[in-house]
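Visitor: I would like to go through this model with you, one question at a time, and to hear the reasoning behind each answer.

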Amino acid sequence: MRSALSRALMAAVIAIAAVLVPAGPASAGVWQLTDGFEPSTNPASRWTFTVNGGCGGPSFGGPSSTPRTGSGWASMMAYTKGDWCALGRNIHLTPVTVHPGARCTAGVWTELWGEWASFNLEVIDPDTWTYIALKSITQDWIHGWELQTVSWTAQRADVVLRFAVGQREPYWHAAQVDLDDVVVQCAY
């Protein structure tokens, strides 16, 4: 009798656990890189500026805006139709060397403004200079800080993370983007 009662109780506990414990993908860990462009960390030493046409920047802090958090942010602008500029850095996704296929996401808070502005969040293969992941947005005028993200399955450990601003039409307002609180995260 006791044995049947024990088995019934054990079956009930297992059934309840199966219902209450959420199922999800197995993950051994999370790796994360953050960059808030804080002046004390010398962001100019990590980020490279690329110019195509007339551009201003990058500036790390300054009078044009207020950082989303902390005291630092990056800002750059493209002046006329066809002009674009970019801020990029090399990133080594540490867990991917041991865990290829890790799921990664890059995010940055943007404040994109100026008439006919465009913005790209790019993850690039540095060997072929092709996109691994890309998010493009366009907007006119300012909408406040907005989070932009892009995700990919990492097959290589070394990538370039790049942010680009462009001017889509000739107009007297420059296309400007302010950037803050960069996060790159990989789950493996």
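**Cysteines, rings and backbone**

Guide: In this predicted model, the link between cysteine 104 and cysteine 186 is right-handed, with 110 degrees about the S-S bond. Cysteine 104 belongs to strand β6 (residues 102–113) and cysteine 186 to strand β11 (residues 175–187), so the disulfide ties together parts of the chain that are 82 residues apart in sequence.

Visitor: How far apart are the sulfur atoms of cysteine 104 and cysteine 186?
Guide: The count of disulfides comes to one, and a pair of cysteine sulfur atoms has to lie within 2.5 Å to qualify. Cysteine 104 is buried at 0% relative accessibility, and cysteine 186 is likewise buried, with a relative accessible area of 0%. The two cysteines form their disulfide with the sulfur atoms at a separation of 2.1 Å.

Visitor: Which cysteine has the sulfur closest to that of cysteine 85, and why is there no bond?
Guide: Cysteine 85 counts as buried, because its relative accessibility is 0%. Its sulfur is 3.1 Å from the closest cysteine sulfur, which is too far for a bond, since the cut-off for a disulfide is 2.5 Å. The partner in question, buried with a relative accessible area of 19% and itself in no disulfide, is cysteine 55.

Visitor: Is arginine 89 buried or exposed?
Guide: Arginine 89 lies in strand β5, which covers residues 84–92. Leaving aside residues up to four places away in sequence, arginine 89 touches several others, among them Leu33, Arg46 and Val160. The cut-off for a buried residue is under 20% relative accessible area, and arginine 89 has a relative accessibility of 13%, so it counts as buried.

Visitor: With which side chain does the side chain of arginine 89 make a polar contact?
Guide: Two interactions of arginine 89 can be described together. Arginine 89 lies over the face of tryptophan 47, at 5.5 Å from the ring centre. Its side chain also makes a polar contact, at 2.9 Å, with the side chain of aspartate 35.

Visitor: Over the face of which residue does arginine 68 lie?
Guide: A charge sits over a ring when, for an arginine, CZ is within 6 Å of the ring centre and within 35 degrees of the ring normal. Arginine 68 is found at 3.9 Å from the ring centre, and the residue whose face it covers is tryptophan 109.

Visitor: Are the rings of phenylalanine 37 and tryptophan 47 stacked, edge-to-face or tilted?
Guide: A search of the whole structure finds four aromatic pairs. For phenylalanine 37 and tryptophan 47 the ring centres are 5.2 Å apart and the planes stand at 40 degrees. Planes under 30 degrees apart would count as stacked and over 60 as edge-to-face, so this pair is tilted.

Visitor: Which residues do the ring pairs link into a cluster?
Guide: Phenylalanine 37 counts as buried because its relative accessibility is 1%, and tryptophan 47 counts as buried because its value is 6%. Both belong to the cluster that the ring pairs link together, whose members are Phe37, Trp47, Phe60, Phe119 and Phe163.

Visitor: What is the phi of phenylalanine 37?
Guide: Most residues other than glycine have a negative phi. Phenylalanine 37, placed in the loop between β1 and β2, is not a glycine and yet has a positive phi, of about 55 degrees.

Visitor: Where is tryptophan 129 found?
Guide: Tryptophan 129 also has a positive phi, near 55 degrees, in a residue other than glycine. With a relative accessibility of 47%, tryptophan 129 counts as partly exposed, because that value is neither under 20% nor over 50%. Its place is the loop between β7 (117–125) and β8 (130–139).

Visitor: What is the omega of the cis peptide bond that joins glycine 57 and proline 58?
Guide: Most peptide bonds are trans. Proline 58 has its place in strand β3, residues 55–60. The peptide bond joining glycine 57 to proline 58 is cis, with an omega of about -5 degrees.

Visitor: Over which residues is the pLDDT below 50?
Guide: The mean pLDDT of the chain is 84, and 81% of its residues reach 70 or more. One stretch has zero contacts in the model beyond near neighbours in sequence, and the pLDDT is below 50 there, over residues 5–24.

Conventions
Residues are numbered from 1 along each chain as its sequence is written. This is a predicted model: local features need pLDDT of at least 70, side-chain atom pairs count only at pLDDT 80 or more; totals for chains, interfaces and linings use all residues. Side-chain values use heavy atoms; hydrogens and water are left out. Helices (H or I, at least four residues) and strands (E, at least two) are DSSP runs, numbered from the N terminus. Buried means under 20% relative accessible area, exposed over 50%, partly exposed in between (1.4 Å probe, protein chains only). A polar contact is a pair of N or O atoms within 3.5 Å; within protein, one must be able to donate a hydrogen and the other to accept it, and residues adjacent in sequence count only if both atoms are side-chain atoms. Contact means heavy atoms within 4.5 Å. pLDDT is the predictor's confidence in each residue, from 0 to 100. Rings of Phe, Tyr and Trp (its six-membered ring) pair if their centres lie within 6.5 Å; planes under 30 degrees apart count as stacked, over 60 as edge-to-face and the rest as tilted.
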